[in-house]
Amino acid sequence: VQTMPKRPGHPPMASAPSAVGKPGEDPDHEGARFVSKAQPVSISEALDAVPFGRWHALHLARQVIAWAVFAISNDATPYLFPALRRDLHADDAGLAHFASAFPLGCLVGAAASTWLVDSMGRKAVVMVAAPVASFLHLFMLVKWSLSFLLLLRVVQGAAWTVAMNALSIWYVEFLPTRRRGPLMAAVSLGWPIGRGIVILVAGATGDAWRPLLLIGSAGFALLAVSMYQAHESPRFLLSQGSETMARRVLGQMHASSGGRKDGAPERLCLGDVAVDKASPLDSRASLALLLGTYRALLIFSIVVYGTLAVATVLIDNWGPGIFQKLMSPGEVGLPHRILMLFNVGDLFGIVLSIVLADRIGRRGSFVIGFFVEGTFLFMMSCSRSWFGPDQAAHAAMAFGFSFSACRCFGWEAASFWTLEAFGTDVRGMAFGISTAMMRLFSVVSLEVSGGLIHDLTPEACLRTFAGILAIGGAVSLFLMPKEGRAAVA
C-alpha cells in the first residue's frame, strides 16, 4: 500500500490534536503518545509538516560530506596510474584491470545492497560498510603485488557501493516533497569537492598513491562517526511496522527545526489510515513486483544508468591522459591545473542544476546531461581542426569546462527519477539492480577500452564518448515513462 505525498489543493489538516500521556509528561518526550481527532496524515505529509530549518541543513551537510568521501575513493583511480607504472611496473593491460577492479567490486556491492538495504535498514548498512571501506584503504598502503591490490580494490568497491546505495535511499526518504529537487541536487556539491581534494593532493605529492589512500580512509572513518549520530529513515521504520520509532524520529526532527512543542502532536498525527500495517515484502515478493508492475520503469532505469556509467567511467579513468595529449602533449605527468578547471566547471554545473532541476524537470535534465554534454565533447574534439595552434588549447579548455558543467544533470535526473518511481518496499531493490547493471557495463567498457584507448587519437576518443551520450539521450527523450508516474512513498 503506497501513501502518496500531499498534492496542491489537498484539504488542510484539522486543528491541533490533544496530547494524552502520563501526568506532567512533556508531549515531545520520546515516549509520549499522541491521540488526535484530526484526519490521519501519511508519512509524506508528516515530513512535509516538519518546519524547514536546522535539521534539514544538517541533513544536507552530512550528505555533502559523504559524497565528497565517495568521490575521493572513486576518482583517485587515474591519479594512481603513474605510481602503479612507476612502482609496480604496470602495463596498459594492468592499468585497465586496476580501473575495472573498482566497478567490479561495485557490481558485487550493488547486488548485495539489493537485499541488505531493505532488510537491515539504511543506517545499519552504512555503519557496517563505512568502517570496512576505511580499513581497506589502510590495508592497501602496504606495497602489495598488483594482483593483490586488484583484489583489495574489488572488495573496497563492494563496501563503497553498499554504503553509497544505502545513503542515497536514506537521504531522500527524509526530504519534504516541495523542496526535494533542490535538496537532492545540492548533494552533488560534495563530488567536485572530493575530486578537487584528489587533484590537489596528487599535484602536491607528484601523483603519489599513499596520501590518496590515507585521505580515503580518514573520510570513511568520519562518515561512520557521522552516521552513528543519525536517525534511521522514518519511511523504512514504518515499512517494518515500527510506528513508535518513526513517530519518535519525526518528533526529534520537529524539535531540531524549531517547531513549537504544542504543535508537535498535530504534525505527528499518524493513524491507522496512514500507516501500512502489512508485513514488509520479502525478497521474492519484491522481485516479483519489480518484474511485473514496475518492469518498464526498471528497464528504463537500467538503460539510462548504463549509458551514463559507460560514458562517465571512460571519461573519469582515461580522460586525464586524453586531455594531456590534446592540450599539453609536451608535459610530463597529468595536467592538474586543466583538470582542476574542469572540476570547477562540474561544480558550476551543480550549482546551476540546483536552481534549474525542478523547473526543467527530469526530461530537461536528461537533455542537458546527454545531448548538450555530448555536443561540447564533440566540439572539444574539433578544437585543433577549427582553431590555430595558439587558440586550440584555450578553445578545448572552454569546451571542456562547458561539458563538465553538464555532467551532473544526467546523473541527478536518473537518481531523482529512480528514487521517485518506486515504492518504499521495492525502492532499495530497484536501486540496487539498476546500479548493479550499471557497474557491469562499467567493467566491460573499461576492460574493452583498456586495450584500445592508447592507440586512438584524443579526437577519436572524445567523439566516441559523445556518441555514447547521444544514445543515452535518445533513450531518455523518446522512451522515458511519463514523469510523476509514481512518487516517493
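Here is a short conversation about salt bridges, burial and a pocket in this predicted model.

Reader: What makes Glu173 and Arg122 a salt bridge?

Author: Their side chains meet at 2.7 Å, N to O, and the cut-off is within 4 Å, so the pair counts as a salt bridge. Glu173 sits in the loop between helix H6 and helix H7, while Arg122 belongs to helix H5, so the pair ties together parts that are 51 residues apart in sequence.

Reader: Why is Glu173 called buried?

Author: Glu173 has a relative accessible area of 0%, and buried means under 20%, so the word fits. Arg122 is also at 0% and is buried.

Reader: How do you know whether Asp316 is buried or exposed?

Author: With a relative accessible area of 16%, Asp316 falls under the 20% limit, so Asp316 is buried. Asp316 forms a salt bridge with Arg407, the closest N and O atoms being 2.8 Å apart. Since Asp316 lies in helix H14 and Arg407 in helix H17, the pair ties together parts that are 91 residues apart in sequence.

Reader: Why does Arg85 count as partly exposed?

Author: Happy to explain! Arg85 has 36% relative accessibility, and partly exposed lies between the 20% and 50% limits, so that is where Arg85 belongs. Its salt-bridge partner is Asp92, at 2.5 Å, N to O.

Reader: Which residues are closest to the centre of the second largest pocket?

Author: That pocket has a volume of about 420 Å³. Of its 20 lining residues, the closest to the centre are Arg85, Gly321, Gln324, Leu334 and His454. Helix H14 gives the largest share of the lining, 7 residues.

How values were computed:
Residues numbered from 1 in each chain as written. Predicted model: local features only at pLDDT ≥ 70, side-chain atom pairs only at ≥ 80, totals over all residues. Heavy atoms only, no water. 1 Å grid on protein atoms, 1.4 Å probe; cavity = no way out; pocket = protein on both sides within 12 Å on 5 of 7 lines; lining within 4 Å. Points joined across faces, edges and corners; volume = space filled by probe spheres on them. Helix = DSSP H or I, 4+ residues; strand = E, 2+ residues; numbered from the N terminus. Buried < 20%, exposed > 50% of the residue type's maximum accessible area, 1.4 Å probe, protein only.
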